[in-house]
Amino acid sequence: MQKHVGLQNIVCDHCHYVEPVLEITPDLVGMRCPVCDEEMLSIADYKAWRRLMFWRRVQVALAWLFCDHRNFSVHTIDGSIVWRQVDE
């Protein structure tokens, strides 16, 4: 059986350049955008992302328990978390 590995994206808040990565790790904090040289992942964004992943795991577990299959899109911008429901 093959395991599907999904890429995650780090997006520059300034110019919206997208950098695909296999995993978001602490080493990526401070990464500079190759287009505009702005910081792409701040420590605040990384901490918000960690909180987001915790709550996303909780949401997936609860959805599985209650058979609620809503899809959500989540992003971190300047240390804040933005949740949006994705229409199917």
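**Notebook: fold, burial and the cysteine pair**

I began with the secondary structure of the chain and found one helix and four strands. I noted that the model is a predicted one, and I keep that in mind for the entries that follow.

Next I followed the elements along the sequence, where the order reads β-β-α-β-β.

I then asked how contacts are spread along the chain: of those between residues at least 6 apart in sequence, 28% join residues at least 24 apart.

For burial, I looked up the share of residues that count as buried, which comes to 22% of the 88 residues in the chain. Turning to the surface, I noted that the chain exposes about 7,000 Å², and that carbon and sulfur atoms supply 56% of this area.

My last entries concern the cysteines. How many disulfides does the count come to? The count comes to zero disulfides, and I wanted to see what lies behind that result for Cys-12 and Cys-36.

A disulfide is a covalent bond between the sulfur atoms of two cysteines. Starting from Cys-12, I found that the closest cysteine sulfur is the one in Cys-36, at 3.6 Å, which is too far for a bond. Starting from Cys-36, the closest cysteine sulfur is in turn that of Cys-12, again at 3.6 Å and too far for a bond. The cut-off that matters here is 2.5 Å between the two sulfur atoms, so I record no disulfide for this pair.

I also looked up how each of the two is covered: Cys-12 has 1% relative accessibility and counts as buried, whereas Cys-36, at 25% relative accessibility, counts as partly exposed.

Notes
Residues are numbered from 1 along each chain as its sequence is written. This is a predicted model: local features need pLDDT of at least 70, side-chain atom pairs count only at pLDDT 80 or more; totals for chains, interfaces and linings use all residues. Side-chain values use heavy atoms; hydrogens and water are left out. Helices (H or I, at least four residues) and strands (E, at least two) are DSSP runs, numbered from the N terminus. Buried means under 20% relative accessible area, exposed over 50%, partly exposed in between (1.4 Å probe, protein chains only). Contact means heavy atoms within 4.5 Å. Accessible areas come from the Shrake-Rupley method with a 1.4 Å probe; for residues, only the protein chains shown count as cover.
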